[in-house]
Amino acid sequence: MIGFGLRLAVAGGREALTRLTIIAAAVTVGAGLLLTTLAGVNAVNSQLTRYAAIYPSDSTGGDADPLLWSTREDYFHGRQIIRIDVAATGPSAPIPVGIPTTPGPGEYYASPSLQKLLAAHPADELADRYPGRDLGTIGPAALTSPDALLVIMGGTPDEVAKLPLAKRLTSVGDTPALPETTMTLILGVVAGGLLFPVLIFIGTATRLNAARREQRFAAMRLVGATPRQISTVAAMESAAAAVAGTAVGFLLFYAFRGSLAGIPFTGMPFFPSDMSLGVLDILLVALGVPAGAAVAAQVSLRRVRISPLGVTRRVTPRAPRAYRLIPLVLGVGVLVFALGFRPETSDGQAAVFLPGLLLIMAGLVVAGPWLTMVGARVLARYASRPATLIAARRLADNPKAGFRAISGIMLALFVTTVAVGVISTIVDNRGPAPVGSTEAGTVSMDFGGQAPSVPDTLLAELRSTGGVRHAAAVRENPDMINASEPGLIACTDLPSTYGRCSDGASVAEVATGLVPWRGSASSTRVWPAASVPLGDLQRLPVMSIVVGTDDSAAVERSRTLLEAAFPTFRVAPNVPGDFESEFANTLRGWEQLANVIIVASLALAGCSLAVSVIGGLSERRRPFSLLRLSGAPVQVLRRVVALESSVPMLAVAAVAIGMGLLAAHLFLQAQMGYTLTAPGPGFYVMVAVGLAACLGIIASTLPLLERITGPGTARSE
């Protein structure tokens, strides 16, 4: 029967080949997305493993001589540079990953991207921060991404031991991967958000011309075929197309793997080799996808397995019951439960949030027919035209078939709403400082309670640097109990850009960087007077240095001077937005991810809708032909088809958007403590364009109606 099923799959002429092509295309998309998601999870694990090696824990076991190691962060034009200072204490000290030898004093290795920056910019902006001889390039084994900026500096054991967070290592490269934290959860939601539309697309394609195939299989039952043989034939038809689609999906994945690796989903791109697949991943897709298509085929033809007359004995299906809302309510309940119970580990969070979101998506699909039935009954009650009444009655009689066509749209809108709601709220709460703001050109260096001696020559050198407007030292306020601000500055040194002293004051209490926490620079701000006399100010320890500049080149020159003056810094000189830059990169990666979800889910939903509407027209040729013979104009039939698809689509769109906003709010409250920020106008424009495109897809199928509902169809069916 397997061979017979394969011959039958391709022996049905153009109609059969079209069905197999559509199934194969659906499976290709599904397999490609699934492979990309699995490879993305593996890439994140590889990236986090290399990232953990940059921040190792102390390891003192073994007989090897210790390697002194200190990791710090630096910044250049808003990009983070990771600086690792190392010193071998003996000949058997381990060698850092990615380089052939441990650099000695006055030597360093740099990543390829950093070497390009060093060559492209003046030495006083960047290269002077890393004095010494360039020994070569750091290999990919030590880099978190191809664009990573990393430098490994050599020093003496005494120098490195005095650096912040210095560690003694007897082994390197064996640090366990960092926990995946939010990325595990996000990738899990992505997988669920994409797989549901994919499964619906595959199921819809599998059901194409299901009525004709049911009649054919019922005829086979009448001539003696067993239910098992029918199941085998049905499975072979879909499995053959699914195998071909899966193979093409693998080819497309490997063909575009390099391009996919370049998308910064985590804030930084992957190496192409990171986008790898394990044996289990390959088996899961290669065997699971065709098996799923075969199961979908058997489920779609379950009526034929009942009896040979199962197709002709058609009655109105039983109306859906309200209990279909239970999965939806349970999904919301899981997210509400997460408000009071938030697991500490990322795996625990994924185990709570992911099932909740998947339950809501499944609940929308399960509850969809009931919602369609309720909407159809309301439409029938207020119908005033024949087309509206016919469409409403048809939907009420078989709401499952009516909802099946627009189920992909419902899930696409839900996934889109969740993605946009979460991303827009995070941007609103944690977005980086605006580029070009007044404080963006202010370099500050906070010494964190370890006040060094600041020579007057340093401030003079900073003030004489091109592009520098002012340079001032902020000193510690000794009266921290009664003070309103932690720092002190002479009023003559306070730049007017950051405000002025209160009347009559000679010393003012100011913020560490002359900008209040979560505030911005203001020339109208009035700083309170300090009780410290001006003559005593110079004897107080320095807590920070603030440098005002006119351009980005002056910012980098000031950084270089400060780092050279204080080589044991713990926090590098920075401008507002530097610390947020890494999060901003991650945020852009999440926005890329959201765009992928939105585009892919809407595209899949549109394909599912087109296949469903065309398949529905093909299966209802005879009823529509009889209506035309009885005098119904083609325009009425077109309005029936349009209403059958558009009315439930618009109704479930409102439900999907509402549930998406609720799920996003509960997720944000439980995971980050944020209140949902309403999406901007762009979201509603995107939804309107998506729905308009779906209406256009429905309209594009209406010309087929006149062609397939002629009198000849009624006689031949």
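## An enclosed space

About 100 Å³ of space lies in the second largest cavity of this structure, which is a predicted model. Lining this cavity are 13 residues, and those closest to its centre are Ala53, Ile54, Trp69, Val97 and Ala142. In the model as a whole, the count comes to 2 cavities of 30 Å³ or more.

## What the cavity wall is made of

Let's look at where the lining comes from. Helix α2 (13–54) and strand β5 (150–154) each supply at least two residues to the wall of the second largest cavity. The largest share belongs to α2, with 3 residues. By character, the lining of this cavity holds 11 nonpolar residues, together with 1 polar and 1 charged.

## Two helices side by side

Now for a pair of helices: how do α10 and α20 lie relative to each other? The axes of α10 (residues 326–340) and α20 (residues 634–671) come within 8 Å and cross at roughly 25 degrees. Angles under 35 degrees count as roughly parallel, so α10 is roughly parallel to α20. The crossing in which α10 passes α20 is left-handed.

## Where the helices touch

Which residues make the contact between α10 and α20? From α10 come Leu328, Val332, Leu335, Val336, Ala338 and Leu339. On the α20 side, the contact is made by Met659, Leu662, Ala663, Leu666, Gln669 and Ala670. Sorted by character, the residues of this contact divide into 11 nonpolar and 1 polar, with no charged residues.

Conventions
Residues are numbered from 1 along each chain as its sequence is written. This is a predicted model: local features need pLDDT of at least 70, side-chain atom pairs count only at pLDDT 80 or more; totals for chains, interfaces and linings use all residues. Side-chain values use heavy atoms; hydrogens and water are left out. On a 1 Å grid over the protein atoms alone, a cavity is a set of points where a 1.4 Å probe fits but cannot get out, and a pocket is an open set with protein on both sides within 12 Å along at least five of seven lines; lining residues have an atom within 4 Å of a point. Grid points are joined across faces, edges and corners, and a volume is the space filled by probe spheres set on the points. Helices (H or I, at least four residues) and strands (E, at least two) are DSSP runs, numbered from the N terminus. Ala, Val, Leu, Ile, Met, Phe, Trp, Tyr, Cys and Pro count as nonpolar, Asp, Glu, Lys and Arg as charged, and the others, Gly among them, as polar. Axes are lines fitted to C-alpha atoms, for helices over the stretch in contact, and angles run from 0 to 180 degrees between N-to-C directions. Angles under 35 degrees count as roughly parallel, over 145 as roughly antiparallel, 65 to 115 as roughly perpendicular and the rest as oblique. A crossing is left-handed if the near helix is turned anticlockwise from the far one by less than a right angle, and right-handed if clockwise. Contact means heavy atoms within 4.5 Å.
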